[in-house]
Amino acid sequence: MYIETFGNKEKPVVLAIHPMFTGGFFLKNLIDYCKDDYFFIIPTMSGHYENSIYVSMSDEEKTITEFLKTNGIDKVAVLLGFSLGGNTAFDLFAKNLICADKVIVDSAPLFDFPAFIQRHFYKKYARCLKKIKNGNVNVVKELNKCFNGMGEAQKNVAPHIAFESLKNLILGCFGVSTPKLSIAKQSKLVFIYGSKDEARLCRPRIRKYKNATYIKLKWYGHCGLYQKSAWEYLKLLNLI
């Protein structure tokens, strides 16, 4: 993992984590609109750039928490994650690894599938990557078949994803715990899902967080509103 920062260190801290097969660049519009109001911490997860391997969610979390400790940050105003990044943000918060005033979990596939279903997704995604790596395909179109409208955001990173990383990424996406949380912690959570997003099917696992906020975005797919209009997304969440 490598971590970049943007904005004024004296402003409230936003830690934002990108979706799978993208990178810190996915948050560019967020930063452009708000860099005068917040201090942004933007990781790019291991495995999402050349010559790196994604090993585990816990390894990524360790790098993030060590960065915060090194820089004297004991609390963030907003912890935001999209898809795999949403799983990571939720896990950091649920395990008390990060203290946050607000936790926004967007399009996170908070599933805990058995091994045979995880293997199914590995095979599906591996076939997609093989086609992309072999060339002579429409990369965006191939990615959209698997990732519900994410192809444009993923097209430059996906060709560099190692199959070793993919195996571990599957666990990060589809092997996530949803532990019991206090009422106070639940009240800080905001879950966002588009009505056309397959990740919304994890909702039965998180309904137990009765004090959380749930936002359903009609007609949107995976990370859909943010991709369409970061400005509207920020307004919806009262971040601007």
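These legends describe an overall view and several close-ups of a predicted protein model.

**Figure 1. The whole protein, with its 11 helices and seven strands.** The C-alpha atoms fill a box of roughly 50 × 35 × 35 Å along the principal axes. The radius of gyration is 17 Å. A compact globule of 240 residues would have a value near 18 Å, so the protein agrees with that expectation. Buried residues make up 52% of the 240 residues. Among contacts with a separation of 6 or more, 76% join residues 24 or more positions apart.

**Figure 2. The surface and its charges.** The protein exposes about 11400 Å². Carbon and sulfur atoms supply 50% of that area. The protein has 34 positive and 21 negative charges. The mean positions of these two sets lie 9 Å apart.

**Figure 3. The largest nonpolar core, centred here on Leu110.** This core has 86 residues. Phe21, Leu110 and Phe191 touch the most other members. In soluble globular proteins, nonpolar side chains tend to be buried together. Beyond its neighbours within four places in sequence, Leu110 is in contact with ten residues listed here: Asn87, Phe90, Val105, Val176, Thr178, Phe191, Tyr193, Cys202, Arg205 and Ile206. Phe191 thus appears twice in this view: it is a contact of Leu110, and it is one of the core members with the most partners.

**Figure 4. Pro204 in helix 9.** Helix 9 covers residues 203–206. Pro204 has a relative accessible area of 53%. The cut-off for exposed is over 50%, so Pro204 counts as exposed. Phe111 lies 93 residues away from Pro204 along the chain. Even so, the C-alpha atoms of Pro204 and Phe111 are separated by 9.8 Å.

**Figure 5. Ser83 and Ser107, two loop serines with positive phi.** Neither residue is a glycine. Ser83 has a phi of about 55 degrees. Ser83 sits in the loop between strand 4 (76–82) and helix 3 (84–94). Its relative accessible area is 7%, so Ser83 is buried. Ser107 has a phi of about 60 degrees. Ser107 belongs to the loop between strand 5 (100–106) and helix 4 (115–134). With a relative accessible area of 1%, Ser107 is buried too.

**Figure 6. Phe113, in the loop between strand 5 and helix 4.** Phe113 is partly exposed. Its relative accessible area is 22%. The cut-off for buried is under 20%, so Phe113 does not count as buried at 22%. Leaving aside residues within four places in sequence, Phe113 is in contact with Gln118, Phe121 and Phe174. Ala16 is 97 residues from Phe113 in sequence. In space, the C-alpha atoms of Phe113 and Ala16 are 26 Å apart.

**Figure 7. Gly85, a buried residue of helix 3.** Gly85 has a relative accessible area of 0%. Not counting residues up to four places away in sequence, Gly85 touches Ile17, His18, Pro19 and Met45. Phe113, the subject of the previous view, is 28 residues from Gly85 in sequence. From C-alpha to C-alpha, Gly85 and Phe113 are 18 Å apart.

Methods
Residues are numbered from 1 along each chain as its sequence is written. This is a predicted model: local features need pLDDT of at least 70, side-chain atom pairs count only at pLDDT 80 or more; totals for chains, interfaces and linings use all residues. Side-chain values use heavy atoms; hydrogens and water are left out. Helices (H or I, at least four residues) and strands (E, at least two) are DSSP runs, numbered from the N terminus. The radius of gyration is taken over C-alpha atoms; the globule rule is 2.2 Å times the number of residues to the power 0.38. Buried means under 20% relative accessible area, exposed over 50%, partly exposed in between (1.4 Å probe, protein chains only). Contact means heavy atoms within 4.5 Å. Accessible areas come from the Shrake-Rupley method with a 1.4 Å probe; for residues, only the protein chains shown count as cover. Lys and Arg count as positive and Asp and Glu as negative; His and the chain ends are not counted. The place of a charge is taken as NZ of Lys, CZ of Arg, CG of Asp or CD of Glu. A nonpolar core is a set of buried Ala, Val, Leu, Ile, Met, Phe, Trp, Tyr and Cys residues joined through side-chain atoms within 4.5 Å.
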